[in-house]
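Student: Please take a close look at the surroundings of the ligand for a reader new to this structure. I should then like to see how that part is placed within the rest of the chain.

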Amino acid sequence: MLQSVPLSVIKPYYIQYACLNTRKCYSENRMNSSLQEFDPQVFEIANEDLIRQQDTLTLIPSENYASKAVMQAQATVLANKYAEGYPYQRYYNGCLPCDKIEALAIERAKALFNAEHVNVQPHAGTQANMAIYQALLKPGDTILSMKLDHGGHLSHGLPQNFSGYYYNIIHYGVSPDTELIDLDYVADLAKEHQPEMVVVGASAYPRLLDFSEWRKIADSVDAYLFADISHIAGLVAGKVHPDPIPYSHVVSTTTHKTLRGPRGAIIMCKSEYAGDIDRTVFPGLQGGPFMHAILARAVAFKEALQPGFGEYQAQIIRNAKTLADQLMKNGFRLVSGGTDNHLMLIDLTSITDKLSGRQAANYLEEAGITVNKNTIPFDKRSANSTSGIRLGTPMITSRGMKETEMIVIADLISEAIKQRKKASSRKRIREKVRELCQAFPIYEDLNL
Ligand SMILES: *Cc1c(COP(=O)(O)O)cnc(C)c1O
């Protein structure tokens, strides 16, 4: 799947220029040494992670394998350029190629999400969210958002984060009975607290979000609706998840999760907020944009506009449902009883009260399966210990794995947790994981 992506033409071009122009003038300054030649120490560490990514199964739902073309785009000379400002309105000279790149990234993102306005400059999701709050709110305003230990994100009001520091945060969570967000309860909280903004979007919620209902709640108290689709942007772009764009005043997303692009973020909004959002990103919160990252975002949007992208996203969901079903057959309780998207949460207390999420994730890492610990709703343990683990299927789906492999993986996870005390069992699972990884290689011809 990853290998079918057309390769960028940038690399040969870059190499030509680098060889022609720098060898003569700068070789004594090491301008022309390769990473491997000049710094074998860091080269080895980077290579170690390439091997880790190839030889282990990653089920962290916020991660993905960006394509080779996306990674090549990030390694171009665009990283050298300052381009403060926006396309064709820069504070630096020499920005024509940057103008073309950013305009293209914006045009492709607009086509992909059908958005009125897009800002492609935020360095990361938290910075994008910061810009949205700062553009539309005043310090002290009230934000209604999801509780962190029920699946919300730190940029939605963690006291130690800028969002919790500058704004009055009111949280909704999931209902204790269904573990789903109870929209009537959210509407009651809105009525009681009269927020200036309602935030919908989470990092650990395994169900679909109906944004039209959220807009009704925001409208009932004359608040902005801000949809943070960082986790589900790929599903939305692939049209396998309800679309927030028609119903939200503003939408943010990272580009490196289900969307499978480079690290970074974008903001989408209705035209009337375009000026405020753009001024807040630059010069409000950031200086020069990372043009190499924006170039890579443009490539990722092109990939997401290809016909096969919707099928990839649909497969992520089919894989998640299969993995969830098999885990439940093996005796695990999943938060809310399953999943409708790319992720799920295992409630470990259904197996034993004695195993924390942190311990389970460490046992699984030894077996070659990478997951992360996560609180479950109404968790009795701290965020550092947790009673749950969070699993997602974007990366194993990028490798080309399907339902058959999901059943194998669910059984390996189950055995690794249940037989955790047996070193022989961990070793055997590690071998099986390695075999599965070898059958589904990443980056076939990628050499650092
Ligand atoms: C991942 C995520 C973000 C942004 O994360 P960064 O690490 O700052 O890029 C924002 N909101 C949600 C809901 C997320 O899951």
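Tutor: Helix α6 (residues 125-136) contributes three residues to the shell around the ligand, the most of any element; helices here are DSSP runs of H or I with at least four residues, strands are runs of E with at least two, and both are numbered from the N terminus. The model is a predicted one, in which local features need pLDDT of at least 70 and side-chain atom pairs count only at pLDDT 80 or more, while totals for chains, interfaces and linings use all residues. Residues are numbered from 1 along each chain as its sequence is written, and side-chain values use heavy atoms, with hydrogens and water left out.

The shell has 14 residues, and G125, T126, S203, D228 and K257 come nearest to the ligand; a residue is counted if one of its heavy atoms lies within 4 Å of the molecule. Polar contacts (pairs of N or O atoms within 3.5 Å) add detail. An oxygen atom of the ligand lies 2.9 Å from a backbone N or O atom of G125. For K257, a polar side-chain atom lies 2.9 Å from an oxygen atom of the ligand, whereas H153 places a polar side-chain atom 3.5 Å from a ligand nitrogen atom. On its own the ligand has 390 Å² of accessible area, of which the protein covers 86%; such areas come from the Shrake-Rupley method with a 1.4 Å probe.

The wider setting follows. The chain is divided into domain 1 (72-304) and domain 2 (311-439), with bounds from an automatic or database domain assignment. Their C-alpha centres lie 29 Å apart. In domain 1, 23 residues are in contact with 26 residues of domain 2, contact meaning heavy atoms within 4.5 Å.

The largest nonpolar core has 63 residues, and F113, Y172, I181, W214, I229, L259 and M268 have the most contacts inside it. Such a core is a set of buried Ala, Val, Leu, Ile, Met, Phe, Trp, Tyr and Cys residues joined through side-chain atoms within 4.5 Å; buried means under 20% relative accessible area, exposed over 50%, and partly exposed in between, with a 1.4 Å probe and protein chains only. Helix α12 (residues 291-304) supplies the largest share of this core, nine residues. Because both domain 1 (72-304) and domain 2 (311-439) give residues to this core, the core lies between them. Residues up to four places away in sequence aside, L259 touches L112, F113, A233, G234, A237, T254, F301, A304 and F309. Another core, of 34 residues, lies apart from the largest one and includes A320, A324, V371 and M401.

W214 also belongs to helix α9 (residues 211-220), whose buried residues are F211, S212, W214, I217 and A218. These buried residues pack against β6 (168-172), α8 (183-193), β7 (197-200) and β8 (224-228). In the loop between α9 and β8 is D222, which has a positive phi of about 60° although it is not a glycine. D222 is exposed, because its relative accessible area is 72%. K239 likewise has a positive phi, near 60°, and is a residue other than glycine; K239 is placed in the loop between α10 (233-237) and β9 (250-254).

One further backbone feature remains: F282 and P283 are joined by a cis peptide bond, with omega about 5°, and P283 is found in helix α11 (residues 274-285).

Terms used: Polar contact = N/O pair within 3.5 Å; in protein donor to acceptor, adjacent residues only side chain to side chain.
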